[in-house]
Amino acid sequence: MSVSMRDLDPAFQGAGQKAGIEVWRIENFKPVPVPQSSYGNFFTGDSYVVLKTNALKSGALRHDIHYWLGKDTSQDEAGTAALKTIELDAALGGRAVQYREVQGHETERFLSYFKPCIIPQDGGLASAFNHVEPEEHKNRLFICQGKHVVHVKEASPCSNCFTYTDCRHKAKALEVMQHIKDTYHDGKCDIATIEDGKLMSDAETGEFWGFFGGFAPLPRKTATATL
């Protein structure tokens with residue numbers, strides 16, 4: 001497939017000409033540039049194209065193109081994102097590496113672009129700019145997992161979903177909490193730390209565990225021997 005710059009979608013004109021990240025959201029079967037201030041904000045009902053351009057020591061540019069699919073995106077939007085990824089690759093010379101990113105199963109490379117993490121928001125294009133009133137917020141549980149790049153995944157709020165393995169990323173969890181506080185709550189919310197089932201500096205843990213149906217001991221991994 002060969003695409004000339006003349007035939008390239010207008011939204012892609014000039015893309016990939018310098019190092020950095022560029023993001024487009026699929027709207028009515030067209031890629032629409034996402035403002036840089038909104039990079040990392042993804043909606044579960046939408047599909048996106050993300051271009052990462054790296055400058056090599058030789059002066060050449062290397063391109064990685066990702067198309068991200070929210071769990072509630074339509075098949076039409078997902079298909080458009082895939083086709084636009086191919087189109088953009090062809091316009092850049094056909095040497096880009098393409099990645100299909102599914103919500104909750106993103107590659108480490110993709111996640112590394114957005115610090116400290118991505119936390120997809122419910123809804124899509126139609127609701128992207130709707131104001132959310134405080135009473136509409138619900139309790140949500142996020143778990144930090146992974147080794148080199150930590151994945152932040154939403155889990156069902158229940159007491160037995162906590163494990164010591166998931167709780168080892170304390171520094172990352174604090175970074176994510178600060179991101180949530182600044183991004184989604186205008187910096188106006190309290191942060192509390194729970195360690196080994198105990199609320200630090202406060203013996204009253206009932207309010208926290210009440211969100212998850214009550215306290216349950218955190219399961220530990222036990223060593224097993226195979227003969």
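This is a short question-and-answer session on a predicted model.

Residues are numbered from 1 along each chain as its sequence is written. Because the model is predicted, local features need pLDDT of at least 70 and side-chain atom pairs count only at pLDDT 80 or more, while totals for chains, interfaces and linings use all residues; side-chain values use heavy atoms, with hydrogens and water left out.

Trainee: How many helices and strands does the protein have?

Mentor: Helices (H or I, at least four residues) and strands (E, at least two) are DSSP runs, numbered from the N terminus. Along the sequence they follow β-β-β-β-α-β-α-β-β-α-β-β-α. The total is four helices and nine strands.

Trainee: In what order do the five strands of the open sheet stand?

Mentor: Two strands pair if DSSP finds at least two bridges between them. The pairing in this sheet is mixed. The order is E2-E1-E3-E4-E5.

Trainee: Which strands stand at the edges?

Mentor: Each edge strand has a single partner strand, so one side of each is left without a neighbour in the sheet. The twist averages 25° from one strand to the next. The edge strands are E2 and E5 (97-102).

Trainee: How many bridges join E1 to E3?

Mentor: The two strands run antiparallel. Arg25 stands opposite Tyr48 in E3. The number of bridges joining E1 to E3 is six.

Trainee: What angle does the direction of H1 make with that of E3?

Mentor: Axes are lines fitted to C-alpha atoms, for helices over the stretch in contact, and angles run from 0 to 180 degrees between N-to-C directions. Contact means heavy atoms within 4.5 Å. H1 packs on the sheet, touching E1, E2, E3, E4 and E5. Its direction and that of E3 make about 25°.

Trainee: Which residue forms a salt bridge with Arg25?

Mentor: A salt bridge is a side-chain nitrogen of Lys or Arg within 4 Å of a carboxyl oxygen of Asp or Glu. Here the closest N and O atoms are 3.2 Å apart. Arg25 lies in strand E1 (residues 20-27) and its partner in the loop between E2 (30-33) and E3 (47-55), so the pair ties together parts that are 21 residues apart in sequence. The partner is Asp46.

Trainee: Is Asp64, the partner of Arg109 in a salt bridge, buried or exposed?

Mentor: Buried means under 20% relative accessible area, exposed over 50%, partly exposed in between (1.4 Å probe, protein chains only). Arg109, at 36% relative accessibility, counts as partly exposed. Asp64 has 1% relative accessibility, so Asp64 counts as buried.

Trainee: Which residues are linked with Lys84 in a network of salt bridges?

Mentor: Lys84 and Glu87 form a salt bridge, with their closest N and O atoms 3.1 Å apart. They are three residues apart in helix H1 (residues 75-91), which means about one helical turn separates them. The residues linked with Lys84 are Asp9 and Glu87.

Trainee: How far apart are the end C-alpha atoms of helix H3?

Mentor: The expected span of a helix is 1.5 Å times one less than its number of residues. H3 (residues 170-184) has 15 residues, so 21 Å is expected. The end C-alpha atoms agree with this, at 21 Å.

Trainee: Which strands do the buried residues of H3 pack against?

Mentor: The buried residues of H3 are Lys172, Val176, His179, Ile180 and Lys181. They pack against E6 (141-145) and E7 (151-155).
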